[in-house]
Amino acid sequence: MAYEIHIRRTNDQPISLEEWVKTVDNSENVRLGDAVPIVLTNPTTGEQISNPQLQGVAELYDVGSQVWFPAFRWFEGRITTRASRDFDTFHSHQRSVMRALASQLGAQIVGDEGESYD
């Protein structure tokens, strides 16, 4: 399993889907993903597996390539993502966006092992 970073509240109060949607709607460089199926291809068999996009998936705008890509997913009261390569850098774009989102939600950014990120 890949290492992930989360936005969650320290008081174990879940982030509701409605709160997440409202926060994304009021944020720069992040938007709700389109409701299109996600299609994955099995590299061994070539079989394509389609799964409708889950609620609460949000895209992050990559300033360098000027492309939107799926980055955040809401599930069971928290937001989860895989860290970008430069996430350990305080001024990482992904980390900056996550700081703004966490602030609006009254939450914090934490890793799988419980470490906090500013």
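**Close-up 1. Three salt bridges turn up when the whole structure is searched.** Here a salt bridge is a side-chain nitrogen of Lys or Arg within 4 Å of a carboxyl oxygen of Asp or Glu. A word on what you are looking at: this is a predicted model, where local features need pLDDT of at least 70 and side-chain atom pairs count only at pLDDT 80 or more, while totals for chains, interfaces and linings use all residues. Residues are numbered from 1 along each chain as its sequence is written, and side-chain values use heavy atoms, with hydrogens and water left out.

**Close-up 2. R73 and E4 join their side chains in a salt bridge, at 2.3 Å from N to O.** The two come from distant parts of the chain: R73 sits in strand β6 and E4 in strand β1, 69 residues apart. (Helices, H or I of at least four residues, and strands, E of at least two, are DSSP runs numbered from the N terminus.) E4 is buried, with a relative accessible area of 14%, whereas R73 is partly exposed at 33%. For these words, buried means under 20% relative accessible area, exposed over 50%, and partly exposed in between, using a 1.4 Å probe and protein chains only.

**Close-up 3. E19 reaches R9 in another salt bridge, with the closest N and O atoms 2.6 Å apart.** E19 belongs to helix α1, and R9 to the loop between β1 and α1, 10 residues apart. Look at how accessible each partner is: E19 is partly exposed at 29%, but R9 counts as buried at 12%.

**Close-up 4. E59 and R31 make a salt bridge too, 2.6 Å from N to O.** This one ties strand β5, home of E59, to strand β2 (residues 30–32), home of R31, with their positions 28 residues apart. E59 is buried at 10% relative accessibility, and R31 is partly exposed at 33%.

**Close-up 5. Y61 and W68 form a tilted aromatic pair.** Their ring centres lie 5.1 Å apart, with 55 degrees between the planes. Rings of Phe, Tyr and Trp (its six-membered ring) pair if their centres lie within 6.5 Å; planes under 30 degrees apart count as stacked, over 60 as edge-to-face and the rest as tilted. By that rule the count comes to three aromatic pairs. W68 itself is partly exposed, at 29% relative accessible area.

**Close-up 6. F87 and Y117 meet edge-to-face.** Their centres are 5.1 Å apart and their planes stand at 75 degrees. F87 is in the loop between β7 (78–82) and α2, while Y117 is in strand β9 (residues 116–117), 30 residues apart. Both rings belong to buried residues: F87 at 2%, Y117 at 16%.

**Close-up 7. The charged end of R95 sits over the ring of F87, 5.6 Å from its centre.** A charge counts as over a ring if NZ of Lys or CZ of Arg is within 6 Å of the ring centre and within 35 degrees of the ring normal. R99 does likewise with F90, lying over its face at 4.0 Å from the ring centre.

**Close-up 8. The largest nonpolar core has 21 residues.** Such a core is a set of buried Ala, Val, Leu, Ile, Met, Phe, Trp, Tyr and Cys residues joined through side-chain atoms within 4.5 Å. I7, W20, F72 and I109 touch the most other members. Two or more residues each come from β1 (4–8), α1 (17–25), β5 (57–62), β6 (67–75) and α2 (93–105). Of these, α2 gives the most, with five residues.
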